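This is a briefing for a first-year student. Look at the sequence and the 3D view before reading the points below.

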Amino acid sequence: MSTVTEAIDVAGQVGEFDTTITELHADERVAWNSDSGPNHAGVTSLHRLGDEKTWVMPRRGRSIHP
(Lines give C-alpha, C1' and ligand atoms only; values in the text may rest on other atoms or scores of the structure.)
Protein backbone atom coordinates (compact mmCIF):
# COMPACT_ATOMS: atom_id res chain seq x y z
CA MET A 1 0.00 0.00 0.00
CA SER A 2 1.23 3.54 0.75
CA THR A 3 4.11 4.72 2.90
CA VAL A 4 3.81 7.99 4.86
CA THR A 5 5.86 9.86 7.45
CA GLU A 6 4.04 10.46 10.72
CA ALA A 7 4.93 13.14 13.27
CA ILE A 8 4.17 12.70 16.97
CA ASP A 9 4.39 14.88 20.07
CA VAL A 10 4.15 13.04 23.38
CA ALA A 11 4.68 15.09 26.52
CA GLY A 12 6.87 17.53 24.59
CA GLN A 13 8.97 14.80 22.98
CA VAL A 14 8.65 15.30 19.21
CA GLY A 15 9.53 12.59 16.72
CA GLU A 16 8.87 11.22 13.25
CA PHE A 17 8.70 7.73 11.84
CA ASP A 18 7.76 6.07 8.56
CA THR A 19 4.62 3.97 8.38
CA THR A 20 2.96 1.67 5.87
CA ILE A 21 -0.81 1.80 5.49
CA THR A 22 -2.01 -1.80 5.82
CA GLU A 23 -5.75 -1.26 5.45
CA LEU A 24 -7.71 1.58 3.86
CA HIS A 25 -11.47 1.92 3.47
CA ALA A 26 -12.33 5.40 2.20
CA ASP A 27 -14.24 7.51 4.75
CA GLU A 28 -14.33 4.56 7.21
CA ARG A 29 -10.98 3.18 8.40
CA VAL A 30 -7.21 3.39 8.00
CA ALA A 31 -4.71 1.07 9.70
CA TRP A 32 -0.92 1.27 9.71
CA ASN A 33 2.33 -0.20 11.05
CA SER A 34 5.61 1.66 11.61
CA ASP A 35 8.59 0.94 9.37
CA SER A 36 11.17 2.93 11.32
CA GLY A 37 11.62 4.30 14.81
CA PRO A 38 9.46 2.88 17.62
CA ASN A 39 7.47 -0.27 16.89
CA HIS A 40 3.99 1.29 16.59
CA ALA A 41 0.73 0.34 14.95
CA GLY A 42 -2.64 2.01 14.87
CA VAL A 43 -6.06 2.32 13.36
CA THR A 44 -8.40 5.27 12.95
CA SER A 45 -12.11 4.66 12.43
CA LEU A 46 -14.47 7.32 11.10
CA HIS A 47 -18.19 7.21 11.91
CA ARG A 48 -20.54 9.61 10.14
CA LEU A 49 -22.95 11.23 12.58
CA GLY A 50 -24.63 13.61 10.14
CA ASP A 51 -23.92 15.91 7.23
CA GLU A 52 -21.45 18.00 9.22
CA LYS A 53 -20.30 15.69 12.03
CA THR A 54 -17.97 12.70 12.14
CA TRP A 55 -16.87 10.70 15.17
CA VAL A 56 -13.12 9.97 14.84
CA MET A 57 -11.74 7.08 16.91
CA PRO A 58 -7.92 6.90 16.79
CA ARG A 59 -6.18 3.96 18.44
CA ARG A 60 -2.43 3.62 18.64
CA GLY A 61 -0.42 0.91 20.28
CA ARG A 62 3.16 -0.11 20.77
CA SER A 63 4.36 -3.65 20.42
CA ILE A 64 6.67 -4.97 23.12
CA HIS A 65 8.12 -7.45 20.64
CA PRO A 66 11.26 -6.49 18.66
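A residue counts as exposed when its relative accessible area is over 50%, as buried when that area is under 20%, and as partly exposed in between. By that rule, Asp51 is exposed, because its relative accessible area is 72%. The model is predicted. The protein has five strands and zero helices.

**Overall build**

- Read from the N terminus, the elements follow the order β-β-β-β-β.
- The C-alpha trace spans about 40 × 30 × 20 Å along its principal axes.
- The protein has 66 residues, and buried residues make up 18% of them.
- Among contacts with a separation of 6 or more, 8% join residues that are 24 or more positions apart.

**Surface and charge**

- About 5,200 Å² of the protein is exposed, and 52% of that area is supplied by carbon and sulfur atoms.
- There are 10 negative and 6 positive side chains.
- The centres of these two sets of charges lie 8 Å apart.

**Salt bridges**

- The structure contains two salt bridges.
- One of them joins Glu23 and Arg29, with 3.0 Å between the closest N and O atoms.
- Glu23 has a relative accessibility of 27%, so this residue falls between the two cut-offs and counts as partly exposed.
- Its partner Arg29 is also partly exposed, because its relative accessible area is 31%.
- Another salt bridge links the side chains of Arg48 and Asp51, at 2.5 Å from N to O.
- Arg48 counts as exposed because its relative accessibility of 63% is over 50%.
- Asp51, the other member of this pair, is exposed as well, at 72%.

**A buried position: Thr19**

- Where does Thr19 sit in the chain of elements? Thr19 belongs to strand S2, which covers residues 13-25.
- Is Thr19 buried or exposed? Thr19 is buried, because its relative accessibility of 1% is under 20%.
- Leaving aside residues up to four places away in sequence, Thr19 touches Ser2, Thr3, Val4 and Glu6, along with Trp32, Asn33, Ser34 and Asp35.

**To recap**

- The Glu23 and Arg29 salt bridge joins two residues that are partly exposed.
- The Asp51 and Arg48 salt bridge joins two residues that are exposed.
- Thr19, in strand S2, is buried.

How values were computed: Residues are numbered from 1 along each chain as its sequence is written. This is a predicted model: local features need pLDDT of at least 70, side-chain atom pairs count only at pLDDT 80 or more; totals for chains, interfaces and linings use all residues. Side-chain values use heavy atoms; hydrogens and water are left out. A salt bridge is a side-chain nitrogen of Lys or Arg within 4 Å of a carboxyl oxygen of Asp or Glu. Buried means under 20% relative accessible area, exposed over 50%, partly exposed in between (1.4 Å probe, protein chains only). Helices (H or I, at least four residues) and strands (E, at least two) are DSSP runs, numbered from the N terminus. Contact means heavy atoms within 4.5 Å. Accessible areas come from the Shrake-Rupley method with a 1.4 Å probe; for residues, only the protein chains shown count as cover. Lys and Arg count as positive and Asp and Glu as negative; His and the chain ends are not counted. The place of a charge is taken as NZ of Lys, CZ of Arg, CG of Asp or CD of Glu.
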